[in-house]
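Please open the structure in your viewer and keep the selection panel at hand. The tour below goes from one selection to the next and says what is to be found at each stop.

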Amino acid sequence: MITWMYLAKVAAAQGIFLVAFYLILDRTPLDHFKRGYLLASVALSFVIPYLPVWPAEILARTSEDVFQPVVTVGPDIIELTPVSEEASSTNWLAISLWTLYGIGVLYSLVRVIYFLFGVYQRLGHGKHYPAGGLTEVVLPYATPPHTFLRWVFFSEAARPTPGVLAHEHAHARQLHSLDRLLMAFLCVAWWWNPLLYRYARCLAETHELLADRAVVRSGHPVADYQRQLLNALRQTGPALYLASTADYSLTKKRFSMMLQSKPSLLRRLSSYTFVAGITLVAAFSLGGRTSAPRDAFSADLTTLGFPTPTPAKTVEVINHDTILPPPPPPASVLENMKPMRANPPMDADLVAWRDPEVFGIWVDGTRIDNDALGEFSAEDFAHHRKSRLLGNAKNAGIHDYQVDLWTKKYFHTIWRPVGDGTYEWIEKKVPTPEGPDTGNYLPAMERMLLHQAGGRPAAPKVEGC
């Protein structure tokens, strides 16, 4: 599931990798390594937030033993604030953001498709000549020399010089267009991320350095080749979005890189070590699920009037939803429970709540699959409550909201009418879903708090296990 935290971690990882590239690799003649680094680091940036790396994993395991409710609690009063039907059915902010995102995706995708259609047209207009596993496409109109995949395009009226043509052949043989297509489609889905455009520019500049080095190694004099590149700047033609051209980023840095020799073994090893260290730093700092510290959360519970929970051990952990039951709330909390009005859901709510990445569903205190809501209708329920999970909740990051639903029969066992359409709490013990024979039951108020935390009681300890 993609969340705001995931997006932030991806951007942070890409920022770390780009800073390392500019500090260590940008002006070194390790062109093939630079190309691999850029491609690998952009792929890792999308994977690192999912890696269960220490210390994030240790924090997540530690926090599982801590009770983490998500309720509106005062010093002596717990208020159940119903969510209005209008607010739960329409989220205009989300609709606006998705609309804006869709417009950006559509524009970026149309731009890529338009370029590919232009390549198709040029292939149909030009004359094709084989050239050592490549295909030279000679066009009848003016265009600067450029390459896409295995095709080298140039104008029949202005044929490229030998150095420039060798440069374009190097692009085609090393398949630089595949890198540019990959970055183009990433920018379609992540068009709002400026770091990806910087990645694409770094890759394009690295491609030019690789092609330059291939020309120089083939025996072309450097000074003569540089003059040919400067002459190529004078040619005009249509904008070539994803094509590789000899005059791209023709700067002083590019000319100076042609004269650099291969770095020493010590410098190469130091560069490789630094890159490995940066990767580990990004993985350790951004990997895994973040959790709240135990001490900070225990202090919050104490200030609310709850005793600090002490973890107990069970013989077997049933699943990741199993957490320990909380201590009973103070008597003053139950005595000051405010009456509330029933808030039944609508059929549109039941449809919207089927998304498991946004909503976690509890019916009568039992977690159910979101798809199981299709077996119910709005008339089956007497009350519902929707609450946003905070960062210290156990299920934070799994879904954004918790929805508690009470069937009519269950609702009237724990609430009784007091007039004017309001209900008050009935203080009594209700068996857990495991049944009364297990000896594992909790007060109803305690169960409500436990459900708000996104968990269920721990399995009872069985003698002899």
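Begin by selecting Asp 224, which at 30% relative accessibility counts as partly exposed (buried means under 20% relative accessible area, exposed over 50%, and partly exposed in between, with a 1.4 Å probe and protein chains only). This is a predicted model, in which local features need pLDDT of at least 70 and side-chain atom pairs count only at pLDDT 80 or more, while totals for chains, interfaces and linings use all residues. Residues are numbered from 1 along each chain as its sequence is written, and side-chain values use heavy atoms, with hydrogens and water left out.

**Salt bridges**

Add Arg 227 to the selection, and the side chains of Arg 227 and Asp 224 are seen to meet in a salt bridge at 3.6 Å, N to O (a salt bridge is a side-chain nitrogen of Lys or Arg within 4 Å of a carboxyl oxygen of Asp or Glu). Arg 227 and Asp 224 are 3 residues apart in helix α9 (residues 222-232), so they are separated by about one helical turn; helices (H or I, at least four residues) and strands (E, at least two) are DSSP runs, numbered from the N terminus.

Next select Arg 385 and Asp 404, which form a salt bridge whose closest N and O atoms are 3.9 Å apart. This pair links distant parts of the chain, with Arg 385 in strand β11 (residues 381-388) and Asp 404 in strand β12 (residues 401-407), 19 residues apart. Both Arg 385 and Asp 404 are buried.

How many salt bridges does the structure hold? There are 6 salt bridges, and one of them to visit now joins Asp 179 and Arg 35, whose closest N and O atoms are 2.5 Å apart. Asp 179 lies in helix α7 (residues 176-189) and Arg 35 in helix α2 (residues 31-47), so this salt bridge ties together parts that are 144 residues apart in sequence. Both Asp 179 and Arg 35 are buried.

**Aromatic rings**

Now display the side chains of Phe, Tyr and Trp; rings (for Trp, the six-membered ring) pair if their centres lie within 6.5 Å, and planes under 30 degrees apart count as stacked, over 60 as edge-to-face and the rest as tilted. By this rule the count comes to 12 aromatic pairs. Among them, Phe 46 and Trp 190 form an edge-to-face pair, 4.9 Å centre to centre with 70° between the planes. Phe 46 is in helix α2 and Trp 190 in the loop between α7 and α8 (194-217), so that the pair links distant parts of the chain, 144 residues apart. Both Phe 46 and Trp 190 are buried.

Phe 376 and Phe 381 form a tilted pair, at 5.2 Å centre to centre and with 40° between the planes. Is each of these rings buried or partly exposed? Phe 376, at 29% relative accessibility, counts as partly exposed, whereas Phe 381 is buried, with a relative accessible area of 2%. Then select Phe 17, Phe 21, Tyr 22 and Tyr 37, which form one aromatic cluster.

**Charges over rings**

Two further rings can be viewed along their normals, since a charge sits over a ring if NZ of Lys or CZ of Arg is within 6 Å of the ring centre and within 35 degrees of the ring normal. Arg 367 lies over the face of Trp 362, at 4.7 Å from the ring centre, and the charged end of Lys 386 sits over the ring of Tyr 401, 4.8 Å from its centre.

**Two buried polar residues**Select His 146 in strand β5 (residues 146-148), where His 146 is buried with a relative accessible area of 0%. The side chain of His 146 makes a polar contact with the side chain of Arg 122 at 3.4 Å (a polar contact is a pair of N or O atoms within 3.5 Å; within protein, one must be able to donate a hydrogen and the other to accept it, and residues adjacent in sequence count only if both atoms are side-chain atoms).

Move on to Asp 349, found in helix α14 (residues 347-352) and buried, with a relative accessible area of 0%. Asp 349 and Thr 90 are 259 residues apart in sequence and 9.8 Å apart in space, C-alpha to C-alpha.

**Backbone angles**

Most residues other than glycine have a negative phi. Select Leu 149, which has a positive phi of about 55° although it is not a glycine; the place of Leu 149 is in the loop between β5 and β6 (151-155), and Leu 149 is partly exposed, with a relative accessible area of 24%. Finish at Asp 364, which also has a positive phi of about 55° without being a glycine, and which lies in the loop between β9 (359-363) and β10 (366-368).
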